[in-house]
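User: I am new to reading structures, so please walk me through this one slowly.

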Amino acid sequence: MMQGNKQATSRRNFIKQSGVLISASMLPIACFAMENKPKFKMGLQLFTIRDAMAKDPLESLKKVAALGYQDLETYGYDGEKDMYYGYSSADFKKILEDLQLTATSGHYGFSDYFEKSADELKRFVDQCITGAKALDKSYITWPWLAPEYRTIENFKLLAEKLNVIGEQVTSAGLGFAYHNHDFEFTDHHGENGYDSILYDTDPALVKLQMDMYWVEHSSKKSPQELIAAHPGRYVMWHIKDMDKVTRDYTELGNGSIDYIDMLSKIDTDALQYYYLEQGSNFASNSMQSITDSAAYFKENLQRYL
């Protein structure tokens with residue numbers, strides 16, 4: 001009996017020790033997996049595939065989800081009809097839910113209201129708020145200023161409008177942001193429009209969506225420098241690459257912007273969402289471009305975000 005008890009005790013001790021060793025051996029793997037899990041969803045600005053979305057929104061979104069995109073930024077909302085891509089906001093929300101996609105921001109046609117009355121602008125902003133809330137978005141974004149308005153005086157007027165819209169949107173429980181292109185950095189006798197947007201707007205009401213391509217293309221400051229100089233301001237990014245010869249758009253990994261170096265060092269404290277984008281100049285077609293860019297991003301860049 002004594003011998004049997006000793007053998008049983010030895011077996012129990014062996015099992016306990018083995019369990020501890022197995023748990024310990026698994027710990028670094030689990031920690032490694034947690035450390036490398038992306039902090040942000042991989043996003044796509046749907047303007048990239050506007051041709052496909054115009055032909056068949058549902059099939060296009062199915063392909064987007066199959067490629068691993070999880071989050072979207074919309075464009076082209078019809079405020080009068082409360083519709084996205086031909087669907088009511090409620091129906092479009094159901095499509096996103098069925099595909100396990102979210103939409104966290106949208107580009108809305110504010111430039112069309114630049115010269116309209118304050119009441120007309122306020123009404124349009126109310127429509128945008130309705131549309132954004134229907135999709136559970138976090139942000140409404142001003143995406144563009146038409147060429148005829150791009151004077152330094154109008155950029156100062158733009159800053160005033162951004163503050164007004166920002167107050168209205170913020171009061172509704174959403175965030176408001178401005179998206180840059182190249183024209184904001186154009187020199188106007190020592191001034192530029194982007195400085196008005198940066199310094200003449202209230203940071204609590206007007207956040208910024210940085211288009212990294214256009215900053216690299218036209219700004220005297222790098223994305224890293226702008227983000228460091230304005231903490232808490234750049235809550236969203238557009239990530240797209242620049243053709244090495246023409247400086248036009250290109251698929252991620254084919255261009256001249258060293259995103260591996262940039263994203264491995266850049267401050268992401270304020271970042272909430274990012275979206276891959278390519279406005280045109282597709283190597284083959286828009287759907288193939290988002291396929292190629294997604295593959296490159298997941299393999300080389302997603303680890304940093």
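Analyst: Let us begin with a term: helices here are DSSP runs of H or I with at least four residues, strands are runs of E with at least two, and both are numbered from the N terminus. Please also keep in mind that this is a predicted model.

User: Okay, so what happens just after α4?

Analyst: Gln100, which comes just after α4, takes a positive phi of about 55°, although Gln100 is not a glycine. This residue sits in the loop that runs between α4 (89–98) and β5 (102–107).

User: Is Gln100 buried or exposed?

Analyst: Gln100 counts as exposed, because its relative accessibility is 71% and the cut-off for exposed is over 50%.

User: Which other residue has a positive phi although it is not a glycine?

Analyst: Tyr85 is one, with a positive phi of about 55°, and it is found in the loop between β3 (83–84) and β4 (87–88). Unlike the exposed Gln100, Tyr85 is buried, since its relative accessible area is 14% and buried means under 20%.

User: Back to the helix, which residues of α4 are buried?

Analyst: The buried ones in α4 are Ser89, Phe92, Lys93, Ile95 and Leu96. Around the axis they cover an arc of only 155°, so they sit on the same side of α4. Turned away from that buried side is a face that carries the exposed residues Ala90 and Asp98.

User: Why would residues that are not next to each other point the same way?

Analyst: An α-helix has 3.6 residues a turn, so residues three or four places apart point the same way.

User: And what do the buried residues of α4 pack against?

Analyst: They pack against α3, β2, β3, β4, β5 and α5.

User: You mentioned α3, so which of its residues are buried?

Analyst: In helix α3, which spans residues 57–66, the buried residues are Pro57, Ser60, Leu61 and Val64. Looking down the axis of α3, they fall within an arc of 95°, so they line one face of the helix. Among the elements that cover them are β1 (43–45), α2 (50–55), β2 (71–75), β4, α4 and α11. After α3 comes Gly68, which has a positive phi near 100°.

User: Changing topic, which residues touch the most other members of the largest nonpolar core?

Analyst: That core has 80 residues, and those touching the most other members are Phe110, Ile140, Trp142, Trp237 and Ile239. Helix α5 (residues 118–134) gives the most to this core, contributing six residues. Apart from it lies another core, made of six residues that include Tyr139, Met236, Tyr273 and Tyr275.

User: What is Ile140 in contact with?

Analyst: If we leave aside the neighbours within four places in sequence, the contacts of Ile140 include Tyr108, Phe110, Cys128, Ile129, Val169, Leu174 and Phe176.

User: Now the empty spaces: how much space lies in the largest pocket?

Analyst: The largest pocket holds about 460 Å³ of space. Its lining consists of 24 residues, and those nearest its centre are Phe47, Tyr75, His107, Pro143 and Trp144. Sorted by class, this lining has 11 nonpolar, nine polar and four charged residues.

User: And what lines the second largest pocket?

Analyst: The second largest pocket, with about 270 Å³ of space, is lined by 14 residues, of which Phe185, Asn192, Asp195, Ser219 and Lys220 lie nearest its centre. The largest share of that lining comes from α7, which supplies four residues, and the classes are five nonpolar, four polar and five charged.

User: Where is Ser196 placed?

Analyst: Ser196 belongs to helix α7, residues 193–199, and it is buried, with a relative accessible area of 6%. Apart from neighbours within four places in sequence, Ser196 is in contact with Phe155, Lys156, Ala159 and Thr201.

User: Last one: how many cavities of 30 Å³ or more does the structure hold?

Analyst: The structure holds one cavity of 30 Å³ or more, and the largest cavity has a volume of about 70 Å³. It is lined by 14 residues, with Leu276, Glu277, Gln278, Ser289 and Ser293 lying nearest its centre. Helix α11 (residues 286–300) gives the most to this lining, with three residues, and by class the lining has five nonpolar, five polar and four charged residues.

Methods
Residues are numbered from 1 along each chain as its sequence is written. This is a predicted model: local features need pLDDT of at least 70, side-chain atom pairs count only at pLDDT 80 or more; totals for chains, interfaces and linings use all residues. Side-chain values use heavy atoms; hydrogens and water are left out. On a 1 Å grid over the protein atoms alone, a cavity is a set of points where a 1.4 Å probe fits but cannot get out, and a pocket is an open set with protein on both sides within 12 Å along at least five of seven lines; lining residues have an atom within 4 Å of a point. Grid points are joined across faces, edges and corners, and a volume is the space filled by probe spheres set on the points. Ala, Val, Leu, Ile, Met, Phe, Trp, Tyr, Cys and Pro count as nonpolar, Asp, Glu, Lys and Arg as charged, and the others, Gly among them, as polar. A nonpolar core is a set of buried Ala, Val, Leu, Ile, Met, Phe, Trp, Tyr and Cys residues joined through side-chain atoms within 4.5 Å. Buried means under 20% relative accessible area, exposed over 50%, partly exposed in between (1.4 Å probe, protein chains only). Contact means heavy atoms within 4.5 Å. The arc is that of the directions from the helix axis to the C-beta atoms.
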